[in-house]
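Visitor: Hi! Could you walk me through this one? I'd like to hear about charged pairs and chain contacts.

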Amino acid sequence: MKTNGKGGKANGRRAEAGLDAIAFEIVKNKMLAAINEAGAVLVRTSASEVVVTVREFTQSYYTSDGHLTLTGGGILLHVKSIADIVRYLIDNYEHTIGINDGDMFIFSDPYLGGMHAPDQAIVAPIFWQGKRVGFCASLTHIPDTGAIDAGGFCPRATEVYQEGIRLRGLRVMRGGVRCDDVFNTLKAAVRLPDIVELDVLSKIASNNVLIRRAQELIEKYGLETYLATNRELIRYSERLARERTRKIADGQWRSVTYLEHDGQQPNLFRIQLTATKRGDRLILDYTGSSPQAATSINATYHAAMGCAFAILAGRLFYDIPWNEGILRPLELRLPDNCIINAQYPAAVSQGMPAGGGVVVFAVQDVLSKMLLASGDDLRRESSGVFGWSVHAPVMSGSNQYGNFFIWPTMDECAGGMGARVDRDGVGTAGTIQTPKVRIGNIEEYEQRYPMLFLFRREEQDSAGAGKFRGGAGGEFCFMLHKSSTGYIDIMLSGAGCEPAIALGVAGGLPARQGRFVKVKDSDAAALLRQGRIAQSLQELTGEKEMLPPKGYARIENRDCFYLAWHGGGGFGDPLERGPELVRQDIIDQLVSRRFAECVYGVVVTGANADIDRAATARAREEIRRQRLAQAA
Amino acid sequence: MGRRVLEHIEIDKDGNGHKVYRCAKCGTTLGPADKGFKEYAVVKEASYSHYVDAGILATRSDRFVLREFYCPKCAVRFDVESVVKGEPYLDIKIRDD
Amino acid sequence: MGYIIGIDVGGTFTDFVVSHPSKKLFHGKVPSTPRDESEGVLAAIQQIAQRERKELAALLRETDIIILGTTVVTNAMLEFKGAKTGMITTRGFRDVVELRCNYKESLFDLKLPPPYPIVPRRYRVGIAERVDYTGRIVTPLDAEEARQAARRFKSLGVESIAVCFLFSYVNPAHELRVRDILHEEYPEAAVSLSHEVLPQVREFERFSTTMINAYVSPHLKKYLNHLTQMFSERGFPGELLVMQSNGGMMRADFAAERGVELALSGPSGGVIATAHLGKLSGHRNLIAMDMGGTSYDVCVVKDAVPELSSKYWLSRHRVGLPMIDIHTIGAGGGSIAWVDKGGGLRVGPRSAGAEPGPACYGLGGVEPTVTDADVVLGYIDPNYFLGGTIKLDAELAKRAIAEKVAKPLGITLVEAASGIFRIVNNNMNNAIRYVSVMRGRDPRDFALMAFGGAGPVHAGAQMKDLKIKSVLVPKTAPTFSALGAILSDFKSSRVQSFHMRSTENKVADLNQVFKRMYEGAFSLLDKSRDLLVRIDVRRYIDLRYIRQVHEVTVELPLGNEPLTAAGLSRMFEAFHDQHEARYGFKRPGYPVEIINLRLDLVGARVPTDLPRVARNGGSPDDARKGTRAAYFDELKDYAETPVYDGSRMAPGIQIRGPAIVEEPQTTIILLPGQTMELDPYQTYIVSAS
Ligand SMILES: [Zn+2]
């Protein structure tokens with residue numbers, strides 16, 4: 001069993017001696033501004049779609065002994081694990097190769113931190129007048145690791161050695177000078193050397209911002225105030241996190257989510273979460289979850305921890321500075337050799353989005369129920385589970401210019417939000433763990449990659465039904481266009497294609513599963529020439545192959561590729577939804593008439609979708625009757 | 001008003017001071033609170049495939065089920081589980097002392 | 001040469017500024033008439049006529065131009081009172097404005113509803129047509145479907161239609177054809193084509209901007225037509241001009257078709273005035289800050305030209321056009337100070353607004369605000385707030401801060417008030433850093449120009465934190481937007497996506513596109529030629545390293561000369577250097593790609609001279625009206641501080657801080673060691689110690 005240690009005793013309310021509340025607030029806000037500034041530098045200079053559009057990056061500050069004091073960025077999954085990397089750096093190199101002013105160290109080992117090998121962190125010490133006073137770090141997801149599969153998600157892998165180069169603190173900057181030996185080694189190990197190099201440069205630029213701003217703060221407010229603010233930040237967040245945890249109802253909740261595929265064949269893995277809340281402590285216990293897989297869908301401890309952190313930070317502690325303090329009320333219990341606590345050298349490249357990804361769903365599910373049982377202001381924070389198909393199909397091949405490309409599609413991050421206790425979820429609006437994700441424009445996709453999209457839109461009936469429904473999910477379909485080789489390859493890394501995992505709450509229904517479909521030898525191009533743009537799979541001829549959630553697919557000229565991603569879970573019994581709300585959704589074609597009748601018991605007639613009151617009353621009565629009719 | 005467990009489930013005391021589950025919608029007493037409330041609900045369980053026709057789910061599966069829990073009196077739906085067939089009920093225990 | 005009248009319609013007042021070659025510049029204000037802006041505008045003109053002792057018709061006959069800043073567009077978007085609008089898109093892409101590229105305003109505010117749907121899904125129709133990224137037609141336009149859409153919109157009473165097709169910026173044929181069809185089927189409908197509104201790659205930005213244009217233009221057009229008619233009926237022979245969001249002005253008849261370009265019509269004038277007065281005072285690089293009751297706006301003027309940005313959101317809808325770059329945060333006099341559960345002192349973002357307002361307003365507010373802190377610290381005289389128009393209650397301010405801040409934190413009243421003052425300054429300075437540092441600019445190279453009732457109270461302390469050397473406080477601030485209107489030039493801004501890699505030789509194509517952009521822009525200025533003394537062409541190119549996703553904009557040499565291959569490589573060099581200056585590294589020798597071309601045509605008018613008052617020197621004692629106790633952090637105590645009457649200040653008088661200068665609309669606080677002087681253009685210049 002691996003745990004994060006007991007959440008220590010609560011600290012007193014009084015702040016650090018000698019640090020007044022005003023200086024604390026000012027220095028804290030300046031550190032936050034520095035983190036945002038560093039993030040802007042990353043976004044504007046990176047060449048990775050995943051950094052710029054998906055915003056998969058993190059910047060943070062640490063104490064000189066490696067405790068996370070403040071973090072920000074586009075993705076919450078990594079912030080906890082970088083602290084472990086910083087401590088590894090101190091423990092292993094401080095008294096050996098040394099940690100000096102102007103040095104930066106590069107890491108990408110999922111067994112040290114991060115989710116998988118593409119997560120690359122650069123850690124830099126912060127010096128003041130010759131003395132180390134802290135650390136900062138920047139992390140991004142790089143587009144290739146030189147693994148057995150392009151892009152670094154590896155369904156074929158059975159050991160971590162096959163999943164690409166793993167870096168354990170190579171010195172990429174020495175005394176402010178870039179180390180070309182490290183750059184050249186890294187570039188030689190990956191498929192997209194230019195992009196990876198630019199991403200390393202971006203992170204160095206980002207760290208330089210963090211260092212410079214920290215030094216300016218020390219110059220202005222004094223070293224003592226800076227150090228005291230950093231120490232106090234952790235305690236401050238801990239106090240707030242405990243206070244909020246205390247307000248949640250005491251009790252125990254259980255949730256189970258599943259993985260339907262191991263990357264090579266259909267399979268079944270269970271992730272069981274028992275959440276116990278008592279006083280100001282929260283225990284997330286995964287005892288009962290499946291043993292680790294022989295394939296790469298495992299998550300490391302860091303990935304599981306990161307996913308739990310992301311949901312707690314985003315749903316419960318969103319207004320508290322993010323650092324170690326908010327984890328102190330939390331105890332995470334992970335059995336050994338478990339699918340979400342894999343032992344070295346298990347393959348883990350698909351641990352995110354697979355094993356770790358479903359942790360996201362399980363934590364959301366228990367949290368929604370816990371909040372619903374709590375006082376009124378917390379009750380309002382409850383919601384259906386947010387859609388996120390954890391699909392991330394990675395496309396690669398030759399583009400229309402004859403250049404090799406790798407494109408991890410992230411459109412499925414625009415999932416529907418879960419329904420709330422008093423309103424519908426927002427459609428195609430995004431996830432919690434990656435809140436800053438942007439999805440690209442079709443015009444940019446088609447300029448860069450050899451494809452032509454037939455549609456990208458919200459999917460009818462995709463949201464979980466309820467008294468308030470979830471936000472709609474989405475769907476897209478493309479065919480190849482101007483491909484220089486006549487094909488592209490797609491590496492699938494999904495989950496939630498068989499089990500419905502965007503669950504509803506309090507009687508609300510889950511959102512539909514996500515799907516990957518390949519249409520073999522379609523007539524899409526011929527239809528286009530005739531003036532018809534196919535708007536559904538039914539309109540296309542050709543063999544429709546439901547692809548597995550994980551694995552490989554090749555899309556050739558004449559083939560189409562279809563992806564549907566999750567809407568949000570619903571809240572409450574759909575029979576309690578006002579018929580007029582159902583009617584509005586029908587008019588906007590978000591809900592079909594058939595769905596309205598079967599699920600909401602609302603019957604409309606005519607072009608204006610007028611509500612047939614009598615028929616609606618009858619339909620609802622009939623549904624109730626069937627509910628109580630003796631089950632088979 | 002009792003202690004809310006889910007939107008339409010609460011724990012309350014009956015006339016004898018025993019803790020019981022009630023349907024918060026119709027007020028029906030479901031049973032003693034020493035067991036999970038799901039033990040007293042009308043349970044409908046059907047494989048995913050059953051839900052595809054209405055459009056609720058998109059992909060057929062016979063190993064996964066939706067399990068729905070209803071008030072035996074007013075038929076309001078308390079909860080829905082999405083689980084593998086045979087999975088024990090996902091219970092909730094609220095401390096209400 | 002006759003009168004030039006600048007009018008700015010604000011929420012409360014309609015301001016005017018009038019210049020005439022043989023008369024002194026003058027200004028004034030009348031109440032705004034929100035239900036029908038034109039009544040307030042007419043009232044302003046009437047008041048000008050009265051002041052000039054002329055009949056209205058006589059005044060108008062002697063007026064060359066009237067330049068208007070309007071809130072019609074802003075209000076249509078704030079109150080969602082635009083036209084009933086429909087949208088025709090490429091089939092399969094009607095949800096572009098719904099997906100919004102997954103943008104979220106407030107990352108973790110799960111309670112935030114979706115933006116108000118100005119064109120709900122039921123009014124968005126996809127029709128068969130498709131063009132690929134090279135401009136080749138993949139699927140011909142189905143004219144019959146376009147006709148059906150037109151008839152359907154007509155039957156639904158849709159007044160305005162946005163036509164938004166993929167890659168129309170490369171090949172606009174289908175959008176143009178649909179316009180013809182709409183004119184045939186439904187001639188009354190207003191039509192906005194995406195390739196005309198914003199001919200730029202990225203469909204979300206283009207569709208959203210076009211949708212807003214369709215939504216706001218019909219009302220704007222009605223309003224401007226009404227004004228034009230109203231003026232011409234009363235004998236006005238000149239041109240009605242309107243301020244645009246890009247910091248320039250345009251003929252009303254052209255502007256009426258492009259409502260989205262008037263979203264920042266009012267603030268635009270203010271920024272022009274900032275640039276102009278800054279220049280007269282010897283400061284070409286400025287950060288303008290406007291601190292009101294609930295919001296804090298900052299924007300940057302670089303080398304006497306306001307910075308533009310294409311990242312604007314209007315009532316949560318994306319506008320991709322270049323507009324003056326105003327960055328707003330929730331900080332102002334009404335921002336509430338509070339102690340959070342972790343024991344931290346926070347200021348904002350919640351505001352007490354105007355009602356109940358700060359505790360010291362005595363309207364029932366009990367939450368301590370920034371204004372309350374300013375009163376407790378002695379910066380604001382409770383009896384002379386906004387020139388004495390509102391009486392404040394200092395006791396209520398003290399009580400609120402003591403109860404809600406000092407007591408919970410275990411600190412003194414003055415420590416609490418000074419803490420609130422410093423924290424809000426820090427938050428505002430972070431906004432200034434956002435528009436400067438985040439864009440690779442050092443705030444120390446700028447002067448601060450402070451507006452708003454509370455701005456000059458805080459600016460002195462802010463400049464110290466930012467290490468800025470000068471703060472400018474123009475006395476003319478209250479009518480700044482109208483002043484900016486009469487100082488502004490014609491300006492037509494064009495953007496066109498154009499893709500070229502540094503390894504390609506497409507310089508002839510590039511020149512061809514620039515030429516077309518020039519001609520398009522020039523056609524809008526041509527009619528106004530007799531008002532122009534000069535036309536400047538500014539051209540820019542958006543560049544990035546291949547595979548980067550964000551661009552750096554590089555300016556070409558002034559003028560309209562075709563680019564040569566050598567000129568192009570100089571520009572690539574400039575890109576490498578600017579990338580390094582901004583982000584700390586460059587990759588010389590690595591291929592670069594061109595994404596967009598930008599062109600600004602500026603038609604300069606005869607400059608309007610602002611009155612200049614000679615420095616006569618004089619003693620500060622002439623303006624002194626007393627003393628009061630004010631707290632200064634530098635002294636860690638209150639000091640009996642001299643108070644000066646701004647209306648008795650004359651150019652040349654120098655004041656040394658600590659000091660307080662009271663203007664009717666604001667108060668300037670000088671910290672110990674800071675000095676201040678009124679310059680010949682009625683601008684106070686505060687200098688760092
Ligand atoms: Zn009931």
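Visitor: Which residues are linked with E444(A) in a network of salt bridges?
Guide: Happy to help, and please keep in mind that this is a predicted model. The network joins E444(A) to R202(C), R501(C), R544(C), E551(C) and E593(C).

Visitor: And how many salt bridges are there over all chains?
Guide: Searching the whole structure gives 113. One of them pairs D559(A) with K520(A), with 3.6 Å between the closest N and O atoms. These two residues are 39 residues apart: D559(A) is in the loop between β20 and β21 of chain A, and K520(A) belongs to strand β18 of that chain.

Visitor: Is D559(A) buried or exposed?
Guide: Buried, because its relative accessible area is 1%, under the 20% cut-off. K520(A), at 26%, is partly exposed.

Visitor: What about a salt bridge inside a helix, say E580(A) with R583(A): what's the N to O distance?
Guide: That one comes out at 3.0 Å. E580(A) and R583(A) are 3 residues apart in helix α12 of chain A, so about one helical turn separates them. E580(A) is partly exposed at 35% relative accessible area, whereas R583(A) counts as buried at 17%.

Visitor: Let's switch to the contact of chain A and chain B. How many residues does each chain put in?
Guide: Chain A contributes 52 residues and chain B 45 residues. About 4,100 Å² is buried between them, and carbon and sulfur atoms give 51% of that area.

Visitor: How many salt bridges cross that interface?
Guide: The rule finds 7 between chain A and chain B. E576(A) and K25(B) form one such salt bridge, at 2.4 Å from N to O. There are also 29 residue pairs in polar contact across the interface.

Visitor: Which element of chain A gives the most to the side touching chain B?
Guide: That's β9(A), with 8 residues. By class, this side of chain A has 24 nonpolar, 11 polar and 17 charged residues.

Visitor: Nice. Which strand of chain B is joined to β9(A)?
Guide: Strand β8 of chain B, through 3 bridges, and the two strands run antiparallel. Within this pairing, W253(A) stands opposite I92(B).

Visitor: Last one, over in chain C: where is S22(C)?
Guide: S22(C) sits in the loop between β2 and β3 of chain C. With 59% relative accessibility, S22(C) counts as exposed. Its C-alpha atom is 45 Å from that of G440(C), and the two residues are 418 residues apart along the chain.

How values were computed
Residues are numbered from 1 along each chain as its sequence is written. Chains are lettered from A and ligands numbered from 1 in the order in which they are written. This is a predicted model: local features need pLDDT of at least 70, side-chain atom pairs count only at pLDDT 80 or more; totals for chains, interfaces and linings use all residues. Side-chain values use heavy atoms; hydrogens and water are left out. Helices (H or I, at least four residues) and strands (E, at least two) are DSSP runs, numbered from the N terminus. Buried means under 20% relative accessible area, exposed over 50%, partly exposed in between (1.4 Å probe, protein chains only). Contact means heavy atoms within 4.5 Å. Buried area is the accessible area (1.4 Å probe) that two parts lose on being put together, summed over both. A salt bridge is a side-chain nitrogen of Lys or Arg within 4 Å of a carboxyl oxygen of Asp or Glu. A polar contact is a pair of N or O atoms within 3.5 Å; within protein, one must be able to donate a hydrogen and the other to accept it, and residues adjacent in sequence count only if both atoms are side-chain atoms. Ala, Val, Leu, Ile, Met, Phe, Trp, Tyr, Cys and Pro count as nonpolar, Asp, Glu, Lys and Arg as charged, and the others, Gly among them, as polar. Two strands pair if DSSP finds at least two bridges between them.
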